[in-house]
Amino acid sequence: MTNLMEGMTAAVLAGGQSQRMGQDKSGLVRPDGRTQLVFTLECLERAGIRRTLLSGVSHDHYQRIDDVHKGIGPLGGLHALLHAITSDKTAAADALQTDALRKGAFSTDALLVVPCDMPYLSEDVFHHLENTSKKTGKSTAYAGSFFPFIIRDISAALASLNSILNSERKNSIKHFLLSLDFDFIDPKNTENLKSCNTPEDWSEFLNSQKIRNLSYV
């Protein structure tokens with residue numbers, strides 16, 4: 001059976017300052033001992049993603065991409081990721097000298113962007129997004145939460161983001177998505193898209209897991 005996510009690259013945004021949380025959100029430890037970063041990476045692996053880039057953090061064998069534009073939040077991480085992917089594809093096209101390159105090992109049909117602060121995430125979130133995006137052929141995001149989202153045209157996304165960063169327009173993920181005429185879809189389960197931005201949000205998540213675990217006793 002063909003892998004639904006084949007040809008797609010994922011990017012985890014994990015390099016933010018997390019001022020409201022007061023600590024690095026990627027290092028938050030879940031009840032089972034996994035960090036939020038590891039949890040997110042494992043969700044992507046279960047969804048069938050074979051190539052994942054990390055924005056602003058290092059982990060295991062994953063490629064780390066650091067911001068070029070510092071201190072502007074997730075748009076800075078996204079810009080660096082798009083630039084890296086565009087450069088990677090150009091390098092692959094210019095240097096077809098290995099079997100890996102000839103077989104398209106560096107090709108990227110689309111980019112799936114997900115933050116590291118979504119503790120209720122599941123692989124179904126990615127599959128629903130990709131099913132819809134493949135049917136329409138358009139970049140797609142979830143209404144309300146915006147994250148995660150899929151970018152279909154990497155070059156157009158980078159050009160749009162460059163324009164935003166070089167203008168007086170508001171620097172926000174919402175304005176970026178609107179600039180590319182994204183499709184916005186409803187999630188199957190809104191809880192899966194909850195993010196944790198404050199210590200109170202994280203405590204709420206931990207308490208929900210305690211209640212869930214007690215229900216299985």
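## The pair Lys-138 and Asp-183

Lys-138 has a relative accessible area of 28%, so this residue counts as partly exposed. The model in which Lys-138 is seen here is a predicted one. The side chain of Lys-138 meets that of Asp-183 in a salt bridge, with an N to O distance of 3.2 Å. This pair links distant parts of the chain, since Lys-138 belongs to the loop between α4 and β5 (140-142), whereas Asp-183 belongs to strand β7, and 45 residues separate the two. Asp-183 is likewise in the partly exposed class, because its relative accessibility is 23%, and the class begins where the buried one, under 20%, ends.

## Overall composition

The protein is assigned seven helices and seven strands. Read from the N terminus, the elements follow the order β-α-β-β-α-α-β-α-β-β-α-α-β-α. Of the 217 residues, 44% are buried, and the exposed area of the protein comes to about 11,200 Å², of which carbon and sulfur atoms supply 50%. Among contacts with a separation of 6 or more, 67% are between residues 24 or more positions apart.

## The sheet and the helices across it

How are the seven strands ordered in the open sheet? The order is β3-β2-β1-β4-β6-β5-β7, and the pairing is mixed. Strands β3 (63-65) and β7 have a single partner strand each and stand at the edges, so one side of each is left without a neighbour in the sheet. On average, and with direction ignored, neighbouring strands of the sheet are turned by 25° against each other. Strands of a sheet pair through backbone hydrogen bonds, in either a parallel or an antiparallel sense. For β1 and strand β2 (residues 51-55) the pairing is parallel and extends over five bridges, and Val-12 is the residue that stands opposite Leu-54 in β2.

Two of the helices can be placed against these strands. Helix α1 lies across β1, β2 and β4, and its direction makes an angle of about 165° with that of β1. Helix α4 lies across β1, β4, β5, β6 and β7, and runs at about 140° to β5.

## Further salt bridges

The count of salt bridges in the model comes to 10. One of them joins the side chains of Lys-25 and Asp-117, at 2.9 Å from N to O. Here again distant parts of the chain are linked, as Lys-25 lies in the loop between β1 (8-13) and α1 (36-47) and Asp-117 lies in the loop between β4 (110-115) and α4 (123-136), 92 residues apart. Are the partners of this bridge buried or exposed? Lys-25 is buried, because its relative accessible area of 13% is under the 20% cut-off; Asp-117 is buried as well, with a relative accessible area of 11%.

Another salt bridge, at 3.9 Å from N to O, brings together the side chains of Glu-130 and Lys-134. Glu-130 and Lys-134 lie in helix α4, where four residues, or about one turn of the helix, separate them. Their accessibilities place them in separate classes: Glu-130 counts as buried at 1% relative accessibility, whereas Lys-134, with a relative accessible area of 45%, is partly exposed.

## Backbone features

Most residues other than glycine have a negative phi, and most peptide bonds are trans. Where does the model hold a cis peptide bond? Such a bond joins Phe-147 and Pro-148, with omega at about -15°, and Pro-148 lies in strand β6, which comprises residues 146-151. Strand β6 also contains Phe-146, whose phi is positive, about 70°, although the residue is not a glycine. Because its relative accessibility is 22%, Phe-146 counts as partly exposed.

A positive phi, near 55°, is also found at Asp-181, again a residue other than glycine. Asp-181 is placed in the loop between α6 (173-179) and β7 (183-185). Is Asp-181 buried or exposed? Asp-181 counts as exposed, because its relative accessibility of 51% is over the 50% that this class requires.

Conventions. Residues are numbered from 1 along each chain as its sequence is written. This is a predicted model: local features need pLDDT of at least 70, side-chain atom pairs count only at pLDDT 80 or more; totals for chains, interfaces and linings use all residues. Side-chain values use heavy atoms; hydrogens and water are left out. Buried means under 20% relative accessible area, exposed over 50%, partly exposed in between (1.4 Å probe, protein chains only). Contact means heavy atoms within 4.5 Å. Accessible areas come from the Shrake-Rupley method with a 1.4 Å probe; for residues, only the protein chains shown count as cover. A salt bridge is a side-chain nitrogen of Lys or Arg within 4 Å of a carboxyl oxygen of Asp or Glu. Two strands pair if DSSP finds at least two bridges between them. Axes are lines fitted to C-alpha atoms, for helices over the stretch in contact, and angles run from 0 to 180 degrees between N-to-C directions.
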